[in-house]
Amino acid sequence: MSALLQIGDLHARYGPVQVVTGMELEVADGEIVALVGANGAGKSTTLRAVAGLHREASGTIRFAGRDVLGASAERRARAGLRLVPEGRRLFGRLTVAENLTLGAATRPRAQRAEVARERAELLERFPALDAALGKPAATLSGGQQQQLALARALLGAPRLLLLDEPTLGLSPRLTDEVLALIASLPRERGIAVLLVEQHVRLALAIADRAAVLRRGRVVLAGAAADVLASPELEAQVLGEG
Ligand code: ATP
C-alpha cells in the first residue's frame with residue numbers, strides 16, 4: 001500500500017536559515033506517527049510545510065497520491081490534510097458554535113446530518129465547549145481553546161490530521177483525555193495522525209511509529225515501542241536541537 005503522506009528530502013528555511021534539512025517521513029492510512037525532538041529541531045516547521053503554511057520549502061510532499069508541494073493550504077485542507085497549529089489559531093471573536101460551523105465549511109451540504117451528529121458527539125466528549133457555545137472563543141481557557149481547535153479540525157472530516165502540541169496548557173486529566181481521543185481517531189473515524197507532542201512517552205504510547213528529529217532531519221525512526229525502548233531517545237530529545 002502506498003503511503004497517505006510521503007515526505008521526501010524536505011528542506012525548509014526562514015530566509016537564509018535552514019531548519020528542515022532533508023526530512024524523510026511517511027504516514028500510512030489509519031496510522032498514528034509521532035514526530036519528536038528537542039526544541040527547535042524543526043517539528044512545527046515540518047508540519048507547517050506539509051500543511052502549505054510554510055512556503056519556503058522544497059522537496060517532495062505527496063498526499064493521497066498527488067504532489068501537493070505547490071498547492072495552497074486551502075487546497076490541501078480540502079483534500080483532507082488539516083493542521084491544528086500550536087497556539088490554536090481560533091477565530092477569537094467568533095463564538096465557539098461559529099468556530100465549529102467554520103470547521104465544517106468544506107463539507108458538502110449532503111453531509112449536513114452527519115456533520116450535526118459528529119458535532120453532537122464532540123460536544124458530548126468536550127462538555128466545557130457545550131457549556132460555552134455562545135461565548136467568544138477568546139474567552140475560553142487555554143485548555144478549552146485546545147479542545148475547540150481539535151473539534152473544529154475534526155468537523156472538517158480530515159484524512160490526515162497534523163497535530164502540533166495538542167495538549168499544550170492542558171491539565172494532566174485533560175491531557176489524558178485528548179490523547180485518548182487522538183488514539184481513537186484511526187479506528188473510529190479512519191483518520192491518520194502526524195503528532196508533535198511534548199509528552200514524548202505519552203505520545204509514543206499511542207503512536208504506531210515514531211520519528212526523532214534532530215536539526216531538521218530524522219535521526220531515529222521505527223515502531224513506536226522500539227523508539228521508546230531505544231537508549232538514544234533520551235539523548236536525542238533532551239539534547240540540543
Ligand atoms: P519547538 O518545540 O520549540 O516549537 P520545533 O521542533 O517545533 O521546536 P520549529 O518551531 O520548527 O522547531 O523551529 C525550528 C527552528 O526554526 C528554530 O531554531 C527556530 O528558532 C527557527 N524559527 C522558527 N520560526 C522562525 C521564524 N519565523 N523566523 C526565523 N526562524 C524561525
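This is a tutorial dialogue about salt bridges, one helix and one sheet in a predicted model.

Student: Let's start with charges. How many salt bridges does a search of the whole structure find?

Tutor: The search turns up 10 salt bridges. A good habit is to ask of each pair how far apart the partners sit in the chain. Take E31 and R209: their closest N and O atoms are 2.7 Å apart. This pair links distant parts of the chain, 178 residues apart, with E31 in the loop between β2 (17–27) and β3 (32–36) and R209 in strand β9 (residues 209–214).

Student: Is E31 buried or exposed?

Tutor: Buried means under 20% relative accessible area, so E31, at 11%, counts as buried. Its partner R209 is partly exposed, at 27%.

Student: And what separates R173 from E177 in helix α7?

Tutor: About one helical turn, because they are four residues apart in α7 (residues 172–189). The general idea is that an α-helix has 3.6 residues a turn, so residues three or four places apart point the same way. Here R173 and E177 form a salt bridge with closest N and O atoms 2.9 Å apart. R173 counts as exposed at 55% relative accessibility, while E177 is partly exposed at 32%.

Student: Which helices hold R201 and E234?

Tutor: Those two meet in a salt bridge of 2.8 Å, N to O. R201 lies in helix α8 (residues 200–206) and E234 in helix α10 (residues 232–238), 33 residues apart, so to speak a link between distant parts of the chain. Both ends are partly exposed: R201 has a relative accessible area of 48%, and E234 comes in at 43%. Also look for shared partners: R117, E121 and R189 are joined into one network that way.

Student: Now helices. What should helix α4 span, going by its residues?

Tutor: Count 1.5 Å a residue: the 14 residues of α4 (residues 112–125) should span 20 Å, and the end C-alpha atoms are indeed 20 Å apart, so the two agree.

Student: Which residues of α4 are buried?

Tutor: V115, E118, L122 and L123 are. They sit on the same side of α4, because they cover an arc of only 135° around the axis. Turn to the other side of α4 and you find A113 and E124 exposed.

Student: What do the buried residues of α4 pack against?

Tutor: They pack against four helices, α3 (96–103), α5 (127–131), α6 (142–154) and α7. You've met α7 already, as the home of R173 and E177.

Student: Last one, the sheet. In what order do the strands of the open sheet run?

Tutor: Six strands run β6-β7-β8-β3-β9-β10, with mixed pairing. To read a sheet, find its edges: β6 (81–84) and β10 (217–223) each have a single partner strand, so one side of each is left without a neighbour in the sheet. Neighbouring strands are turned by 15° against each other on average, direction ignored.

Student: In which sense do β3 and β8 pair?

Tutor: In the parallel sense, over four bridges, β8 being residues 192–196. For a spot to look at, V33 has L194 in β8 as its bridge partner.

Student: Which strands does helix α1 touch?

Tutor: Helix α1 (residues 43–51) packs on the sheet, touching β3, β6, β7 (160–164), β8 and β9. Its direction makes about 150° with that of β7.

Notes
Residues numbered from 1 in each chain as written. Predicted model: local features only at pLDDT ≥ 70, side-chain atom pairs only at ≥ 80, totals over all residues. Heavy atoms only, no water. Salt bridge = Lys/Arg side-chain N within 4 Å of Asp/Glu carboxyl O. Helix = DSSP H or I, 4+ residues; strand = E, 2+ residues; numbered from the N terminus. Buried < 20%, exposed > 50% of the residue type's maximum accessible area, 1.4 Å probe, protein only. Expected span 1.5 Å × (residues − 1). Arc of directions from axis to C-beta. Contact = heavy atoms within 4.5 Å. Pairing = 2+ DSSP bridges. Axes fitted to C-alpha atoms, helices over the stretch in contact; angles between N-to-C directions.
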